[in-house]
Amino acid sequence: MTPMKEDYLKIIFELGGTKKKVSNKQIALSLDIAAGSVTEMVGKLVQEGLAKHTPYAGISLTKKGIRYAETLVRKHRIWEDFLVDKLDYALPDVHTEAEVLEHVTSERLIDSLEAYLGYPEHCPHGGTIPDKDGHYEEDGHLPLADAEDGSEVVIERFIDNHDLLVYLDDISLKVGQAVQIIKHDPFEGPITIKVQATGQQIPVSYKAAHNIFVD
């Protein structure tokens, strides 16, 4: 399987495609690619029995696709945890390294690494880590962009994307922060939030707000 197909499986998994339909637009926003490219790749995943596509509804993973995605996500997130926790990597720098390491890691090695780390349940950007038997608590899938004005939420996780993590580091937005939604600007403008602990108001770009999930 090509790395690009694997990236699609992981992003559909991250967006909630194990339980619901994910739109082409969501995938395109998260991978920063054209919607036409998504349509082509989704067709290939459907042909290989890894995904199901319902016109005008969206894409979800099949059981085969879910199993494959869980394995990829497990390896990727355990390596991210190791790089941040043990090697002091900055969060925006771990994705590229973990992307390489996940493809050369045996099941025995990842099981040993998981035990060494004390069986972490979440990666550094908030994503749930499946255990070796495929058990895990499902991630939340409410994007910051869909939270209503005036609501108070907690930042739960970020999509695993290097440019996104650099952007969030620049605006000092972190997993676990309690924030209030101040306003959604029209025409795909930014979403303004207030960090409850400091009172600071931060405009979050439309694109980023679709890749930040809240509880």
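**Sheet.** I looked up the strand order first and found an open sheet of 6 strands in the order β3-β8-β4-β5-β6-β7, with antiparallel pairing; two strands count as paired if DSSP finds at least two bridges between them, and strands (E, at least two residues) and helices (H or I, at least four) are DSSP runs numbered from the N terminus. At the edges I noted β3 (142-143) and β7 (201-204), each of which pairs on one side only.

**Provenance.** This is a predicted model, in which local features need pLDDT of at least 70 and side-chain atom pairs count only at pLDDT 80 or more, while totals for chains, interfaces and linings use all residues. Residues are numbered from 1 along each chain as its sequence is written, and side-chain values use heavy atoms, with hydrogens and water left out.

**β4 and β5.** I then checked the link between β4 (residues 152-158) and β5 (residues 178-184), which run antiparallel and are joined by 3 bridges; Val154 has Ala178 in β5 as its bridge partner.

**Helix α7.** I followed α7 (residues 162-170) across β4, β7 and β8 (212-214), where it runs at about 135° to β4; axes are lines fitted to C-alpha atoms, for helices over the stretch in contact, and angles run from 0 to 180 degrees between N-to-C directions. In α7, Leu164, Leu165 and Leu168 are buried, meaning under 20% relative accessible area, with exposed over 50% and partly exposed in between (1.4 Å probe, protein chains only). Seen down the axis of α7, the buried residues fall within an arc of 95°, so they line one face of the helix; the arc is that of the directions from the helix axis to the C-beta atoms. On the other side of α7, I found Asp163 and Asp170 exposed. The buried residues of α7 pack against β4, α8 (206-209) and β8, contact being heavy atoms within 4.5 Å.

**Residues 1-62.** In the UniProt record, an unreviewed entry, I found the feature "domain: HTH dtxR-type" at residues 1-62; such annotations may be inferred rather than shown by experiment. The span is 53% helix and 13% strand, and its end C-alpha atoms lie 16 Å apart.

**Helix α3.** Which residues of α3 are buried? I listed Val38, Met41, Val42 and Leu45, which cover an arc of only 110° around the axis and therefore sit on the same side of α3. Glu40 and Gln47, on the other side of α3, are exposed. Among the elements covering the buried residues of α3 are α1 (3-14), α2 (24-31), β1 (51-54) and β2 (58-61). Just after α3, Gly49 takes a positive phi of about 75°.
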